[in-house]
Amino acid sequence: MDYRGIFEDAVDALRQEKRYRVFADLERVAGQFPRAIYRDRADNPREITIWCSNDYLGMGQNREVVSALVNTATRMGAGAGGTRNISGTNRPLVELERSLADLHRKEAALVFTSGFVSNEAAISTIARLLPDCLILSDQLNHASMIAGVRHSGMEKKIFRHNDVGHLAELLEAAGRQRPKIILFESVYSMDGDIAPIAEIADLAARHNALTYIDEVHAVGLYGPRGAGICEREGLMDRIDIIEGTLAKGFGVMGGYVTGSRPVVDAIRSYAPEFIFTTALPPALCAAARASIEHLKTSNVEREAHQRQAGRVKKVLVEAGLPVLASQTHIVPLIIGDARACKAASDMLLDRHGLYIQPINYPTVPKGTERLRITPSPFHDDAMIDELRDALVDVWARLDLPTRKISDQLSVRALPPGDLTLPTTGG
Ligand SMILES: Cc1ncc(COP(=O)(O)O)c(C=O)c1O
């Protein structure tokens with residue numbers, strides 16, 4: 001058995017399909033975001049500008065956050081030292097869970113080692129505890145939610161993206177008595193569009209279904225206290241379970257769910273992904289809490305973020321670049337071809353020192369390959385002009401599709417038949 005050959009072939013297959021992922025070796029320098037040191041394959045260092053980080057507000061370099069991490073590590077050591085049940089429940093973690101429950105105005109919160117794990121663990125556990133549960137999942141839900149659905153082993157139905165009419169049909173067909181849970185995101189990470197949260201909450205109430213929302217690309221960024229789109233829209237009390245990450249808007253690491261005490265306690269008591277793993281280190285918990293508490297009272301970062309994201313969209317649209325209209329801080333530039341997308345990303349880095357990772361299938365549907373730009377409050381106007389000039393240069397050199405062409409590429413109109421479970425995100 002040529003085991004080595006089998007794995008080599010599997011990877012080669014991805015290369016053929018232009019789906020092989022090449023990671024950029026980066027050294028971020030606290031205090032200089034979004035500048036960083038990039039090292040090429042020969043380890044030659046070079047200063048670049050990152051335009052695709054999910055540390056959306058740059059909280060990863062915030063002084064309060066960094067000193068909370070350093071002071072706590074110095075005081076309590078590097079690791080948690082055990083599972084939550086066996087000596088790993090540390091004081092900063094307990095305080096973090098209280099801070100998160102307060103943020104989303106819920107009875108309780110539970111912290112996991114990542115947002116991926118929180119979705120996978122919470123969804124699979126909740127669905128398994130509901131007898132004959134039917135899961136209703138948005139077509140563009142993240143890979144971690146799909147992993148939870150699959151792991152639950154329960155029946156699922158996929159509704160077309162943000163299509164409340166289709167969701168209503170599926171709920172109607174399931175009947176009022178059957179336990180049901182609706183899974184969706186507030187901000188979809190690749191298109192930057194927002195779910196019709198109020199309509200979905202209305203349907204859930206009418207058809208007696210639970211609601212589970214992933215606010216991973218919204219927490220810290222939206223709402224008067226940074227709790228997300230549900231807070232901004234005054235809908236937090238209408239959603240049963242709110243899931244988020246500590247790794248994007250808050251700039252650290254980890255994931256969490258919030259909800260009623262019984263549902264959170266049930267996940268705590270049944271989820272193997274929570275029970276049989278080491279707890280999040282106290283230093284990370286203290287850093288995440290410092291970030292959350294800072295953003296509960298400060299709108300400075302959010303306002304600057306929205307201002308700079310808005311300016312990026314305006315400047316790139318005026319330059320005739322194929323910006324996909326988004327309601328949020330995510331700025332997708334549609335290229336529609338995996339090879340061209342990779343070439344554009346490489347040329348931006350090599351010729352202009354600007355780093356934007358190409359996003360290809362299966363993260364996005366074939367034909368909608370894109371550069372996903374995520375401006376931060378630290379991308380100043382000069383950097384935005386530099387980005388525009390670099391993109392215009394690359395678009396001309398590679399003869400890439402301009403705005404006129406991208407408008408014809410209505411990326412969101414996925415063919416109705418395509419209701420399989422794609423693996424999106426990450
Ligand atoms: C929508 C969504 N949910 C969950 C996750 C997982 O979060 P984390 O990075 O904390 O594992 C991601 C990560 O990219 C995501 O995009």
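Let's start at the ligand: 13 residues surround it, and those that come nearest are Gly115, Phe116, Asp214, His217 and Thr245. Keep in mind as you look around that this is a predicted model.

Three of these neighbours are worth a look for their polar contacts. Thr245 reaches the ligand through its side chain, where an N or O atom sits 2.6 Å from a ligand oxygen. Gly115 uses its backbone instead, with a polar atom 2.8 Å from an oxygen atom of the ligand. Phe116 also works through the backbone: one of its N or O atoms there is 2.9 Å from a ligand oxygen. Taken on its own, the ligand has 390 Å² of accessible area, and the protein covers 87% of that.

Now step back to the shell as a whole. Which helix gives the most to the shell around the ligand? That is helix H5, spanning residues 115–129, which supplies three residues. Sorted by class, the shell holds eight polar residues, three charged ones and two nonpolar ones.

For a change of scene, travel to the start of the chain. Here Met1, Tyr3, Ile6 and Phe7 make a nonpolar patch on the surface, about 530 Å² in area. One of its members, Ile6, belongs to helix H1, which runs over residues 3–16. Why can Ile6 be part of a surface patch? Patches take in residues with over 30% relative accessible area, and Ile6 qualifies on that count because its value is 42%, which makes it partly exposed.

Conventions: Residues numbered from 1 in each chain as written. Predicted model: local features only at pLDDT ≥ 70, side-chain atom pairs only at ≥ 80, totals over all residues. Heavy atoms only, no water. Patch = residues over 30% accessible without salt bridge, like charges linked within 9 Å, V, L, I, M, F, W, Y side chains within 5 Å. Areas by Shrake-Rupley, 256 points an atom, 1.4 Å probe, with all protein chains shown as cover. Salt bridge = Lys/Arg side-chain N within 4 Å of Asp/Glu carboxyl O. Helix = DSSP H or I, 4+ residues; strand = E, 2+ residues; numbered from the N terminus. Buried < 20%, exposed > 50% of the residue type's maximum accessible area, 1.4 Å probe, protein only. Near = heavy atom within 4 Å. Polar contact = N/O pair within 3.5 Å; in protein donor to acceptor, adjacent residues only side chain to side chain. Nonpolar A, V, L, I, M, F, W, Y, C, P; charged D, E, K, R; others polar.
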